[in-house]
Amino acid sequence: MFVRHLLSAAAGAALLLSGAASAAPNALKSVELYAIDCGRLDLPNADAFSDDGAYKGMAKKMVVPCYLIRHPKGDLVWDTGLPTSKQMLTDQLKQLGLAPADVEYLSLSHGHFDHIGSAGLFAGATWIVDPDEKASLFNEAARKSPQFAAYASLENAKAKLIEAPTFDVFGDKSVVIYQAPGHTPGHTVLLVRTKGAGNVLLTGDLWHVAESRAAKRVPRFNFNRAQTLQSYELAEKLAAETKAKVIRQHVPEDFDALPKFPMPLK
Ligand SMILES: [Zn+2]
């Protein structure tokens with residue numbers, strides 16, 4: 001929202017005189033995290049979500065969330081929901097006076113269809129992406145998939161590559177992306193340190209089903225089983241060390257316990 005802020009600042013001389021029109025893209029003083037509904041999935045048979053057969057024949061409901069992180073230095077969207085979520089997401093952002101073009105940073109826990117659905121809305125943002133995930137999203141097979149159009153425009157977006165185990169988005173350790181591969185080659189999780197809601201760990205698709213976390217169940221379709229188990233350990237260690245609230249992103253009970261948009265987590 002950089003441009004809009006400048007415009008409003010230019011309209012108000014008092015703002016300029018008070019120094020409020022600094023380089024900060026929004027007027028926030030602390031980090032805020034918002035959960036956004038970006039669709040639902042109704043699975044008649046969740047068998048694919050555990051390679052030990054634990055969910056064979058079991059129906060499961062999943063929520064498909066997007067997250068908005070507002071930091072004094074800019075806004076980050078984390079995951080962009082189902083392909084059908086574009087209008088939902090746009091309408092919800094509007095409640096905060098935000099258009100997709102106002103968002104400075106985009107990052108996706110990974111490139112599956114229910115995380116990249118509205119990614120194309122943020123082609124003007126800086127895309128923070130693991131290089132292995134980026135490669136898998138733009139290989140020959142991916143280019144032929146029906147989902148490709150949803151994120152194709154990211155190929156030309158400004159990008160920052162997550163080349164180390166951690167990526168500190170704003171340089172103050174308040175919003176940090178961690179490599180957590182296994183579900184996909186470059187799957188990541190996000191730790192957000194808020195004042196009001198404490199530390200929150202958004203775990204992407206480490207665990208699609210509530211009981212998968214304690215039972216350490218691995219989906220049949222994961223890219224690498226051993227890496228997945230290592231990423232479970234990393235997430236548990238990180239959550240314990242930072243006393244973070246762990247959010248299993250697809251689990252309805254985790255999502256439904258959060259404040260409804262446009263309220264931030266508190
Ligand atoms: Zn996934």
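This report walks through a predicted model, from the whole chain to a zinc site and one serine.

## The chain as a whole

The chain holds ten helices and eleven strands. Its radius of gyration is 18 Å, close to the 18 Å that the globule rule gives for 266 residues, so the chain is as compact as a globular protein of that length. Along the principal axes, the C-alpha trace spans about 65 × 40 × 35 Å.

Burial comes next. Of the 266 residues, 52% count as buried. The accessible surface is about 11,900 Å². Carbon and sulfur atoms supply 57% of that surface.

Contacts across the sequence also matter to the picture. Take the contacts with a separation of 6 or more: 66% of them join residues 24 or more positions apart.

## The zinc site

Which residues hold the zinc ion? Three histidines and one aspartate coordinate the metal: H110 through NE2, H112 through ND1, H183 through NE2 and D205 through OD. The distances run from 2.1 to 2.3 Å. In sequence, the donor residues follow the spacing H-x1-H-x70-H-x21-D.

Two of these donors come from separate loops. H112 sits in the loop between β4 (105–107) and α4 (113–116), while H183 sits in the loop between β8 (175–179) and β9 (188–193). The pair therefore ties together parts that are 71 residues apart in sequence.

## Geometry and exposure at the metal

The site of the zinc ion is irregular. The angles among its four donor atoms range from 89 to 169°. A tetrahedral site would need all angles between 85 and 135 degrees, so the upper value of 169° rules that label out.

Are H112 and H183 buried or exposed? H112 is partly exposed, with a relative accessible area of 23%. H183 has 3% relative accessibility and counts as buried. The cut-off for buried is under 20%, so H112 misses it and H183 meets it.

## A buried serine in a loop

S50 is found in the loop between β1 (32–43) and β2 (60–71). How accessible is S50? Its relative accessibility is 0%, so S50 counts as buried.

What does the S50 side chain touch through a polar contact? The partner is the side chain of D52, at 2.5 Å. Further contacts appear once neighbours within four places in sequence are set aside. S50 then meets Y55, R217, V218, P219 and R220.

Definitions and conventions. Residues numbered from 1 in each chain as written. Predicted model: local features only at pLDDT ≥ 70, side-chain atom pairs only at ≥ 80, totals over all residues. Heavy atoms only, no water. Helix = DSSP H or I, 4+ residues; strand = E, 2+ residues; numbered from the N terminus. Buried < 20%, exposed > 50% of the residue type's maximum accessible area, 1.4 Å probe, protein only. Polar contact = N/O pair within 3.5 Å; in protein donor to acceptor, adjacent residues only side chain to side chain. Contact = heavy atoms within 4.5 Å. Donors = N, O, S within 2.8 Å, 3.2 Å for Na, K, Ca; no water. Tetrahedral: all angles 85-135°; square planar, octahedral: opposite > 155°, others 65-115°. Rg over C-alpha atoms; globule rule 2.2 N^0.38 Å. Areas by Shrake-Rupley, 256 points an atom, 1.4 Å probe, with all protein chains shown as cover.
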